[in-house]
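These are my notes from a session with one structure, kept in the order in which I looked things up. I began with strand pairing, then turned to a helix, and ended with the contacts between chains.

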Amino acid sequence: MLCKMIYEGKQKIWSEYQKDIPDDKWYYVRSCIRQNFFPASEKMFTEITRNVLGKDIYETPHHTTCGGIAYHCDTIPQETAMTIVARQFALMTEAGYENYCPSCITSFGNYAEILETWRQYPELEAKIRENLWKACRREFEKPRHLAHSSDLIYHWRNEIAAKARHKLVNAGTGEPLRIVEHIGCHYAKMFPSKGVGGAEYPYVLAGMIESWGGQVVDYPERRHCCGYGFRQYHVKANRSYSLSNTYKKFESMEPFHPDAIVTNCPGCPYFLDRWQYVIAEQMGKTYGENGFGIPVLTYEEMAGLVLGYDPWDLGLQLHQVAVEPLLDKMGVKYDPSAKYLGLNCEDIMRPELPGSIKCF
Amino acid sequence: MTDFGFTLSRSSTLDLQRVDEERFEQLCKLEKGASVCIGCGSCSATCPAGALSGMSLRKILLAVQRGQEVRTMLQCCMLCGKCTMVCPRGINTRNLILSICSIYD
Amino acid sequence: MKRNIVIIGGGIAGMEAARALLDLGHTPILVEASKMLGGHVAFWHRLFPDMSSAKNLVGRLETEIAGSRILLNTKVLSLNRLADGYSLKLSNGSVVNASVLLISTGFSLFDARKKEEYGYGIYDRVITNSDLEAWFSGKRDARVPDNPESVGFVHCVGSRDLKACNAQCSKVCCATAIKQAIELKECFPYAKVYCFYMDLRFFGKKYEDFYINAQRDYGIRFIRGRVSEVGETIDGRLQLKAEDTLSGKPLKVQLDLLVLMSGIVKNDSIRELADMAGIETDSDGFLRSIDNEYAVIESNRPGIFYAGACTGPKTVPETVAEARSAALAIHSYLEKL
């Protein structure tokens with residue numbers, strides 16, 4: 001731990017917030033936005049879980065949004081979101097699965113909230129079952145287990161470590177890399193018991209970092225929201241709040257000199273990554289070394305790097321903040337000239353590079 | 001600098017450690033009662049200038065404690081003495097106000 | 001039966017009751033689960049509002065109850081109701097029959113680790129009221145820095161907190177916080193000391209004077225706002241978030257030491273004892289009195305009386321007064337048998 005805190009105290013809390021995560025047979029649902037933001041992350045999840053770990057991870061193209069963004073933006077009522085979710089559960093039931101794994105944090109929170117609401121108000125569940133039947137003649141079983149896809153990677157973190165090609169270690173000095181973990185708010189703040197490690201000291205990403213050789217950075221604003229908060233970012237007039245929250249986090253983590261940030265939410269990595277450019281433009285301030293930013297990874301991208309996948313296959317060229325300083329530290333080999341080659345070596349064009357924050 | 005149409009918001013967070021307490025400490029020397037306010041608001045409730053000008057002795061004293069500006073509000077005081085009458089902690093508010101004036105002069 | 005009186009719990013409630021019963025001509029049996037008498041008070045340094053020594057109080061009581069039968073390291077394993085009293089099986093192997101039981105099992109201090117956001121047991125510079133009291137008594141504690149620049153006290157830790165399963169006020173913490181803040185200020189005159197409170201509840205004799213002293217003579221700063229989160233900076237200091245509710249602004253501050261005022265919660269062992277004895281617990285988890293106005297020391301069972309914090313948070317003088325009152329009630333109960 002890159003801090004003076006008492007590790008045993010954290011371990012005690014972690015031991016109190018463990019959840020039952022079955023080892024196989026998961027019904028996986030993708031996020032609305034992650035494939036646009038971090039196009040290879042969900043692909044890496046299925047690649048790692050199916051092909052590296054040999055797990056049964058089922059997907060269906062009939063899956064839709066869970067309604068979480070609209071619900072959190074206050075544009076649809078909760079009953080509508082519940083009926084959408086009921087349909088997802090029906091798809092899971094029809095496919096013969098009992099364990100439900102969303103890739104999105106807000107979805108995870110949405111599912112957790114709906115299941116808990118139904119537990120407390122069974123008459124509402126009955127009404128939603130009726131709505132679903134009227135709408136599309138489907139019926140559903142509730143999932144036996146609900147886990148976020150980061151819970152699964154956490155669950156299999158040691159198996160991934162055993163197959164690691166690279167560690168979260170500075171290949172030059174042998175020192176562990178200092179990694180900031182950022183947890184999406186909807187992961188455990190609403191239901192601390194549903195998150196690995198709880199809400200104050202979540203272990204889900206810290207566990208991966210430790211298992212893969214890195215050092216977790218605990219800085220004062222660790223639990224602070226990234227600032228995305230749908231209504232904040234989606235309404236341009238509110239974007240200042242979004243930017244300012246991210247700024248607050250960077251100012252707080254700056255003295256710890258993190259080598260990278262890892263996140264488990266669709267929005268957080270996007271904003272922690274992109275706002276670094278905006279902060280550099282507006283404030284002339286950068287947080288990485290030598291004018292670079294701090295690379296921000298999804299946990300699938302981090303797992304992919306650890307397992308030795310090509311960084312450009314992981315989509316890291318689509319990040320705003322250059323990831324090369326991290327790749328160099330980890331000793332990951334990459335071909336700079338292949339950075340902007342897409343599938344089948346097709347040129348995907350080069351972005352215009354900003355002057356305020358150093359990029360490759 | 002690129003114009004994004006939005007920029008960093010100014011944080012209203014009060015950083016206690018950066019609060020300049022010099023004036024408040026000075027005030028406590030001039031008027032011991034400055035330290036025993038319990039923020040009950042009796043003074044502000046009864047202040048004849050309060051409803052019309054936003055004058056509030058409770059807020060003024062808190063602002064001095066937090067190292068903030070108070071002059072504008074202070075100017076509205078008419079030194080009528082009603083706040084001295086109602087203060088449950090028996091603070092000599094007249095001396096308090098005059099002391100704040102002398103410090104912020 | 002020999003009209004035995006068994007007092008369960010050897011804190012100041014049980015001790016004072018034993019003393020008063022000895023005075024009235026009885027020889028009570030005092031059963032204490034731990035290895036020493038005095039309960040929580042034995043671990044306290046000084047008492048408010050007179051700053052008198054807690055050790056002296058416990059020591060004096062100890063001397064005065066020497067004539068009673070004191071069983072240390074002894075637990076009540078089982079308790080049976082008889083036609084005219086109670087039969088207790090004790091952990092020392094003995095069986096005692098008694099006409100009267102006085103329950104003075106006291107309270108437990110809230111486990112501050114449960115308020116995870118304050119980081120007790122996680123951050124080096126976070127301690128509890130109890131830890132600080134031990135430090136005042138001379139126990140070394142590496143968490144207390146040599147020369148702190150700033151110290152914070154958080155009132156109501158595990159009190160008035162539904163999330164902590166304790167909606168009640170613990171009564172003693174506001175005054176304890178002020179007492180400890182003053183004592184700390186005496187140790188570190190240049191430290192800034194902040195008390196973060198929701199409400200300040202100074203109901204007892206001279207408590208308000210204590211508060212004025214803290215404000216006027218010790219310059220202790222009172223911030224009306226509950227601490228919502230504590231983090232650790234790179235140099236090991238603590239960073240707090242609260243609202244300065246009087247100015248309506250969010251507030252942050254860095255501290256060298258944070259003291260959590262752990263509240264009074266029900267003694268965990270009370271439920272089992274209550275079930276065995278056939279007495280009831282109240283909605284707050286403490287033992288239920290016949291009523292909470294006139295008969296706080298009386299249970300719903302004949303011959304079972306209460307004294308002290310087993311029925312709810314109590315100050316030292318309240319506890320002592322209840323113990324004497326219970327002794328008198330026991331005396332007249334036995335007279336009428």
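Before listing any sheet, I fixed my term: I take two strands as paired if DSSP finds at least two bridges between them. I also note at the outset that this is a predicted model.

**Entry 1, a strand pair in chain C.** I looked up strand β12 (residues 150–157) of chain C and found that its pairing with strand β13 (residues 192–197) of chain C is parallel and runs over five bridges. For one position I followed the bridge itself: C:Gly152 has C:Tyr194 of β13(C) as its bridge partner.

**Entry 2, the sheet around that pair.** I then traced the neighbours and obtained an open sheet of five strands in chain C, with parallel pairing and the order β11-β18-β12-β13-β14. At its edges I find β11 (126–128) and β14 (221–224) of chain C, each of which pairs on one side only. Ignoring direction, I get an average turn of 25° between neighbouring strands of this sheet. I also checked helix α3 (residues 129–136) of chain C, which lies across β11 and β18 (257–262) of chain C and runs at about 115° to β18(C).

**Entry 3, helix α6 of chain C.** Which residues of helix α6 (residues 270–277) of chain C are buried? I noted C:Ile270, C:Leu273, C:Ala274 and C:Ala277. These residues lie on the same side of α6(C), because they cover an arc of only 100° around the axis. On the other side of α6(C), I found C:Glu272 and C:Asp275 exposed. When I asked what covers the buried residues of α6(C), the elements I could list included β6 (76–82), β9 (100–103), β19 (264–266) and β20 (304–306) of chain C. Following α6(C) comes C:Gly278, for which I read a positive phi, near 75°.

**Entry 4, contacts with chain A.** I finally looked at how chain A is touched by its partners, beginning with chain C, where 13 residues are in contact with 18 residues of chain A. Strand β15 (residues 229–232) of chain C supplies the largest share of the chain C side, namely three residues. Sorting that side of chain C by class, I recorded three nonpolar, five polar and five charged residues. For chain B, I found nine residues in contact with 10 residues of chain A. The side of chain B that touches chain A divides into four nonpolar and five polar residues, with no charged ones.

Key
Residues numbered from 1 in each chain as written. Chains lettered and ligands numbered in written order. Predicted model: local features only at pLDDT ≥ 70, side-chain atom pairs only at ≥ 80, totals over all residues. Contact = placed C-beta atoms within 7 Å. Helix = DSSP H or I, 4+ residues; strand = E, 2+ residues; numbered from the N terminus. Nonpolar A, V, L, I, M, F, W, Y, C, P; charged D, E, K, R; others polar. Axes fitted to C-alpha atoms, helices over the stretch in contact; angles between N-to-C directions. Buried ≥ 20, exposed ≤ 12 C-beta atoms within 10 Å, placed from the backbone. Arc of directions from axis to C-beta.
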